[in-house]
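Subject: Structure for your review

Dear colleague,

Please find the structure we discussed below, together with its sequence. My notes on what was found in it follow.

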Amino acid sequence: MNVEQTPKHIIFNDEPSVSRRGVLGNNLFRNGRRFHNLEGVNYPYPNDTIETNRLKLDHYVSKYAWQGTIFYSPLENELTEGDGFRVLDVGCGSGSWLMEMALDYPKSTFIGVDIAEMMTKEKRPQNVGFIQCNVLEGLPFPNNTFNFVYQSNMISAFTEEQWPLMIDEVIRITKPGGWIELEEKHWIFEDSGPTMEELTNEIVKFALSRGINYHMTPFIYELLETNGKLSNLHSGVTIFSLGGDVLGELAFKSFKELFHAIRIPPLDKMSDLEVEKYFETIRQECETKKTSAKLYKFFAQKKL
Ligand SMILES: C[S@@+](CC[C@H](N)C(=O)[O-])C[C@H]1O[C@@H](n2cnc3c(N)ncnc32)[C@H](O)[C@@H]1O
């Protein structure tokens, strides 16, 4: 990550969709799915319409897992008043969080950055902008730009070594006294059956082969604490089931689509019908054993 080369400008809604050189059009297709094809970016999941829709679904799974709350930083008044209030979503994906926030707080300005443009252009509220960029090259904003920086489900986007650097980068572009908020799932499930355990082990192995550590979610707290530039550090955990109830069924659908997309073993040797049967076995195991997953939230204030 080279922060020195970061353009010293900020682009808001007058230029809502901007791509940095070299990012657009760099895709490859595998098993009928579209993936990014950028050197140095380890993120393994697709960026096509199916994935966009999965991310939208996932937004609602998270929202309901938190009982309707989509952020915890104490910023309600500032967001409502607007007055130059700037919010960034790092790795905004489908843009569901950004757009919900933008409609709830029309006086504040919201920017999303992502390597892929999955957020709708047509239905984007006036106070939302988007910049397509590889955040591992640095966030394209000057120091102290945003009042609030949000980032969710980026555990697969950064290697274990990149995580502390990205936290530092997020803090750099946050204003002193501003808040950062991170949300991450823990992909290590509680009370899983043998088939789910088999698949989880493969998922963890696959991720590790790309430098991504699915065991580290609970340790993000320590990364934020040891950074030294944050105060008022909070964390919270909520638990949701995989299968079993309405939320659980949606969470299971999202889980299945995500891991089906990358065809890791043993899915890589299976026909589509066998894949369906395999996931049905997992679904039934999850229901019987009441398998659950943890969703973590961390938020903190940049020291003055
Ligand atoms: C699991 S999705 C999460 C999206 C969104 N934050 C959410 O919670 O729904 C991860 C996102 O990170 C983006 N991403 C991965 N690596 C990236 C990088 N190096 N720079 C910018 N975006 C990246 C992907 O394109 C994808 O949209």
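I begin with a pair of strands. Strand β5 (residues 109-114) lies parallel to β6, and 5 bridges connect them. Within this pair, Ile111 is placed opposite Gly129 of β6. Strand β6 itself covers residues 128-132, and 4 of its 5 residues are buried. Please bear in mind throughout that this is a predicted model.

Both strands contribute to the interior. The largest nonpolar core contains 49 residues, and Leu98, Val113, Val149, Val170 and Ile180 have the most contacts inside it. Two or more residues each come from β4 (86-90), α3, β5, β6, β7 (146-152), α4 (162-173), β8 and β10. A second core, separate from this one, has 16 residues, among them Val61, Leu242, Ala251 and Phe259. Returning to Val170, its contacts beyond four places in sequence are Val90, Val149, Gln151 and Ile180.

Helix α3 also deserves attention. Its buried residues are Ser96, Trp97, Leu98, Met99, Met101 and Ala102. The buried residues of α3 pack against α1, β4, β5, β6 and β7.

Phe146 is found in strand β7. Phe146 counts as buried because 25 C-beta neighbours lie inside 10 Å, and 20 or more suffice for that class. Apart from neighbours within four places in sequence, Phe146 is in contact with Arg86, Val87, Leu88, Ile173, Thr174, Lys175 and Gly178. Phe146 and Tyr43 are 103 residues apart in sequence, and their C-alpha atoms are 25 Å apart in space.

Tyr43 leads to the ligand. The shell around the ligand has 21 residues, of which Tyr43, Gly91, Gly93, Asn153 and Ala157 come nearest. By character, the shell consists of 11 nonpolar, 8 polar and 2 charged residues. Helix α1 gives the most to this shell, with 3 residues.

Helix α1 spans residues 49-65, which is 17 residues. From its first C-alpha to its last, α1 reaches 24 Å, close to the 24 Å expected at 1.5 Å a residue. The buried residues in α1 are Glu51, Thr52, Arg54, Leu55, Asp58, His59, Val61, Ser62 and Ala65. They pack against α3 (96-104), β8 (174-190), β9 (230-241), α7 (246-262) and β10 (292-302). One of these buried residues, Val61, is also included in the second core. After α1 comes Gln67, with a positive phi near 55°.

Two asparagines have backbone angles that you may wish to inspect. Strands β2 (residues 27-30) and β3 (residues 33-36) run antiparallel and are joined by 4 bridges. Phe29 has Arg34 in β3 as its bridge partner. The two strands form a hairpin with 2 residues between them, and Asn31 is placed in the loop between β2 and β3. Phi of Asn31 is positive, near 50°, in a residue other than glycine. Asn31 is classed as exposed because 11 other C-beta atoms lie within 10 Å, and the class takes in residues with 12 or fewer.

The second asparagine, Asn232, is in strand β9. Asn232 is not a glycine, yet its phi is positive, at about 50°. Asn232 is likewise exposed, with 12 other C-beta atoms within 10 Å.

There is also a cis peptide bond, which joins Pro265 and Pro266 and has an omega of about -5°. Pro266 is placed in the loop between α7 and α8 (272-289).

Lastly, I draw your attention to Ile220, which belongs to helix α6 (residues 220-227). Is Ile220 buried, exposed or partly exposed? Ile220 has 19 C-beta neighbours inside 10 Å, and it therefore counts as partly exposed, since a buried residue needs 20 or more. Setting aside neighbours within four places in sequence, Ile220 is in contact with Leu182, Glu184, Tyr296 and Phe298. The C-alpha atoms of Ile220 and Met166 are separated by 12 Å, and these residues are 54 residues apart along the chain.

With kind regards

Conventions
Residues are numbered from 1 along each chain as its sequence is written. This is a predicted model: local features need pLDDT of at least 70, side-chain atom pairs count only at pLDDT 80 or more; totals for chains, interfaces and linings use all residues. The expected span of a helix is 1.5 Å times one less than its number of residues. Two residues are in contact if their C-beta atoms, placed from the backbone, lie within 7 Å. Two strands pair if DSSP finds at least two bridges between them. A nonpolar core is a set of buried Ala, Val, Leu, Ile, Met, Phe, Trp, Tyr and Cys residues joined through C-beta atoms within 7 Å. A residue is near a molecule or strand if its C-beta atom, placed from the backbone, lies within 6 Å of it. Ala, Val, Leu, Ile, Met, Phe, Trp, Tyr, Cys and Pro count as nonpolar, Asp, Glu, Lys and Arg as charged, and the others, Gly among them, as polar.
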